[in-house]
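Let's take a stroll through a protein and the ligand it holds. Have a look at the sequence and the structure before reading on.

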Amino acid sequence: MAQPKPTLLQQFNFPLPEQGQARLEQAFTIIRPWEAADADAAIQQHRDSITVLLSSALTSTPAELIDRLPNLHAICSVGVGYDSIDVLHAQGKGIQVSNTPDVLNDCVADMAWALILGTARNIAPADRYVRSNQWSMQNMFPLSTKVTGKKLGIVGLGRVGQAIAERAAGFKMQLRYHNRKARVDVPWEYAGSLLELASWADILVLATVGGAATRHLVDRPVLDALGPQGILVNIARGSVVDEAALVLALQEGRLGAAGLDVFEAEPHVPDALKSLDNVLLQPHVASATVETRRDMFNLLVDNAIAFAQTGKVINLVPPLR
Ligand code: 8YV
């Protein structure tokens, strides 16, 4: 007698690649609460049978939801970041949590460099200048800032941070990084304090994890250390930066410029940031390429199916405690 398919709760409603969706349908009975008139009632109705939950780096999976599912054994998330999921609570209940690391390193690192170059060279304001017919021989666009040969500081030299660092070679940049602790397997110099790194760097790139441990890691003293010529780039999480302090530093000229793909209250972006020409804004799209999202969703599906078949996910998030 064929085993009944395990039940999976798909929390987010963004589309999976067809092939991935078909593989999931084959392996699981899928609950899509957003399709029900009452999403909560739909979850309640299936609460005892749900063993796997699909989440994402941008989908909140709090302890409250985890506790409503007595037979939940795995949370599979699309994205490398998992600060939107109460992983500590899940792990405390013996629930495996998986993410989709590595497949997005290149695209996120490429976005970091797009923000470095785009911010330093004023790409967006210059584009607007041309489109608004301001360009004339009498009215040349103001000079921008050279990138090659500058000092690059990376905060969070993990997989994405390392991909960013490797790309710096082409720009003949001096590079130092700050982490919780120094790495022994990289050629770059470790900076023991973030403040010291910020005061040394011309350009500071944030590639740390999100969550409580790094909340407002970049505050007024760090922004002031980076200084009026300094450039801040964030492809990590908005929570890593004290956004109100960032706005003030930019408005008061205590920080030179910023290139931002993430914000504290996405998708809300403060008007004060939108009104500044020395800020380049992106809508959290660092990993948003056709190739990388395909790979991220396929890895998500691989993790869920591996759990269904073996009881073990592939990309297990390490114990947080
Ligand atoms: C998101 C991200 O996953 O991977 C992460 O941590 O923030 C992004 O790649 C993506 O925006 C969709 O979930």
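What follows covers the ligand, then a pair of helices, then two spots in loops. Keep in mind that this is a predicted model.

**Around the ligand**

Which residues surround the ligand? They are Ala 57, Leu 58, Val 78, Gly 79, Val 80, Gly 81, Leu 104, Arg 237, His 284, Ser 287, Arg 293 and Met 296. Sort this shell by class and you get six nonpolar, four polar and two charged residues.

Three of these residues place a polar atom by an oxygen atom of the ligand, as the table shows.

| Residue | Part of the residue | Distance to a ligand oxygen atom |
|---|---|---|
| Val 80 | polar backbone atom | 2.8 Å |
| Arg 237 | polar side-chain atom | 2.8 Å |
| Arg 293 | polar side-chain atom | 3.1 Å |

On its own, the ligand has 330 Å² of accessible area, and the protein covers 94% of that.

**Two helices side by side**

Two packed helices are described by the angle between their axes and the distance between the axes. Try that on helix α1 (residues 18-27) and helix α12 (residues 290-310): their axes come within 9 Å and cross at roughly 15°. Angles under 35 degrees count as roughly parallel, so α1 is roughly parallel to α12. As for handedness, the crossing of α1 and α12 is left-handed.

**Two spots in loops**

Where does Pro 267 sit? You'll find Pro 267 in the loop between β11 (257-260) and α11 (271-274). A cis peptide bond, with omega about 0°, joins Glu 266 to Pro 267.

Another loop, between α7 (159-168) and β7 (174-178), holds Lys 172. Lys 172 isn't a glycine, yet its phi is positive, at about 45°.

Key. Residues numbered from 1 in each chain as written. Predicted model: local features only at pLDDT ≥ 70, side-chain atom pairs only at ≥ 80, totals over all residues. Heavy atoms only, no water. Near = heavy atom within 4 Å. Polar contact = N/O pair within 3.5 Å; in protein donor to acceptor, adjacent residues only side chain to side chain. Areas by Shrake-Rupley, 256 points an atom, 1.4 Å probe, with all protein chains shown as cover. Nonpolar A, V, L, I, M, F, W, Y, C, P; charged D, E, K, R; others polar. Axes fitted to C-alpha atoms, helices over the stretch in contact; angles between N-to-C directions. Helix = DSSP H or I, 4+ residues; strand = E, 2+ residues; numbered from the N terminus. Parallel < 35°, antiparallel > 145°, perpendicular 65-115°, else oblique. Left-handed = near helix turned anticlockwise from the far one by under 90°.
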